[in-house]
Amino acid sequence: MESDQPLSVFCTVMAMNTTDFCYLVCSRCEKTLPNEYISCKYCDPKCLNPGSSNSKRLYRILVSIAASEEVFVVVMFDRVARVLIGCSANEFFNFTMVNPSAAVTASKLLEGKMFQMKLSKPKMNGNAQHLRAISVTPLCSDFTPAIKTLKELYKDAVSLSQQSPCSGHGNP
């Protein structure tokens with residue numbers, strides 16, 4: 001990518017890194033928090049609404065995409081990743097806590113899907129090293145965000161596990 005201008009590409013998702021798909025931020029100022037912290041050292045916790053959480057999760061997903069004759073690793077932050085996943089990072093994190101294989105399944109659901117993405121160079125004010133997806137548009141008119149399919153898949157798994165061993169065999 002030569003220019004500083006965003007590049008628009010038609011691409012296919014090849015893989016999604018599911019080991020570290022989100023990070024913790026202050027729910028007020030959105031500064032990154034270490035995983036063990038739930039409150040921000042920059043914000044006065046007394047100013048927050050009582051009973052509200054001091055932290056939330058945002059997406060940071062590494063995705064391998066194929067465009068033309070090249071394969072890129074791009075980073076998708078919260079606004080863009082929500083298009084693919086279909087829910088907040090908090091909701092997806094909680095879903096994966098109950099269904100540990102859900103993140104890997106989401107990656108498999110998105111593999112081979114085609115999108116138009118707008119990519120920008122990494123910002124030079126930190127240790128960013130990957131192209132950044134700044135927008136994503138599904139190219140298939142019947143695209144379904146991963147969470148919708150995951151909820152159907154895991155609902156079926158839950159209902160199967162809750163059936164008695166005798167059900168469906170004609171036994172009373």
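This note goes through selected side-chain and strand pairings in a predicted model.

1. On the surroundings of C40. This residue belongs to the loop that runs between β2 (22-26) and β3 (55-67). Despite its place in a loop, C40 is buried, because its relative accessible area is 6% and the cut-off for that class is under 20%. Once its neighbours within four places in sequence are set aside, C40 has contacts with C26, C29 and L33. For C26, the separation from C40 is 14 residues along the sequence, while the C-alpha atoms of the two lie 5.6 Å apart in space.

2. On the aromatic pair of Y59 and F92. Four aromatic pairs are found when the whole structure is searched. One of these joins Y59 and F92, whose ring centres are 6.4 Å apart and whose planes meet at 50°, so the pair is classed as tilted. The two partners come from distant parts of the chain, with Y59 in strand β3 and F92 in helix α2 (residues 89-98), at a separation of 33 residues. Y59 is buried, with a relative accessibility of 0%, and F92 is likewise buried, with a relative accessible area of 2%.

3. On the aromatic pair of F95 and Y154. Here the arrangement is edge-to-face, with 5.7 Å from centre to centre and 85° between the planes. This pair, too, links distant parts of the chain, since F95 is in helix α2 and Y154 is in helix α4 (residues 146-162), 59 residues apart. As for exposure, F95 and Y154 are both buried.

4. On the aromatic cluster. The rings of Y59 and F92 should not be read as an isolated pair, since F21 joins Y59 and F92 in one aromatic cluster. A reader who inspects the tilted pair of Y59 and F92 may therefore wish to keep F21 in view as well.

5. On charges placed over rings. Two arginines may be considered together under this heading. The charged end of R57 is positioned over the ring of F93, at 3.6 Å from the ring centre. In the second case, the charged end of R60 is positioned over the ring of Y23, at 4.5 Å from the centre of that ring.

6. On the salt bridge of E30 and K56. Side chains of opposite charge can pair when their charged atoms come close. The structure has four salt bridges, and among them is the one between E30 and K56, in which the closest N and O atoms are 2.7 Å apart. Its partners lie in distant parts of the chain, with E30 in the loop between β2 and β3 and K56 in strand β3, 26 residues apart. E30 is partly exposed at 42% relative accessibility, and K56 is also partly exposed, at 23%. The loop that holds E30 is also the place of C40.

7. On the salt bridge of E91 and K151. In this case the closest N and O atoms are 2.9 Å apart. Because E91 lies in helix α2 and K151 in helix α4, the pair ties together parts of the chain that are 60 residues apart in sequence. Helices α2 and α4 are also linked by the aromatic pair of F95 and Y154. The two contacts may be read side by side: F95 and Y154 are both buried, whereas E91 is partly exposed at 33% relative accessibility and K151 is partly exposed at 40%.

8. On the salt bridge of K155 and E152. The side chains of these two residues meet at 3.3 Å, taken from N to O. Because K155 and E152 are three residues apart in helix α4, about one helical turn separates them. K155 is partly exposed, with a relative accessible area of 46%, and E152 is also partly exposed, with a value of 44%.

9. On the pairing of strands. Strand β5 (residues 114-120) pairs with strand β1 (residues 7-16) in the antiparallel sense, over six bridges, and within this pairing S8 is found opposite K118 in β5. Strand β5 is also joined to strand β6 (residues 131-138), again antiparallel and by six bridges. In that second pairing F115 stands opposite P138 in β6. Strand β5 thus has pairings with both β1 and β6.

Definitions and conventions. Residues numbered from 1 in each chain as written. Predicted model: local features only at pLDDT ≥ 70, side-chain atom pairs only at ≥ 80, totals over all residues. Heavy atoms only, no water. Helix = DSSP H or I, 4+ residues; strand = E, 2+ residues; numbered from the N terminus. Buried < 20%, exposed > 50% of the residue type's maximum accessible area, 1.4 Å probe, protein only. Contact = heavy atoms within 4.5 Å. Phe/Tyr/Trp six-rings, centres within 6.5 Å; stacked < 30°, edge-to-face > 60°. Lys NZ or Arg CZ within 6 Å of the ring centre and 35° of its normal. Pairing = 2+ DSSP bridges.
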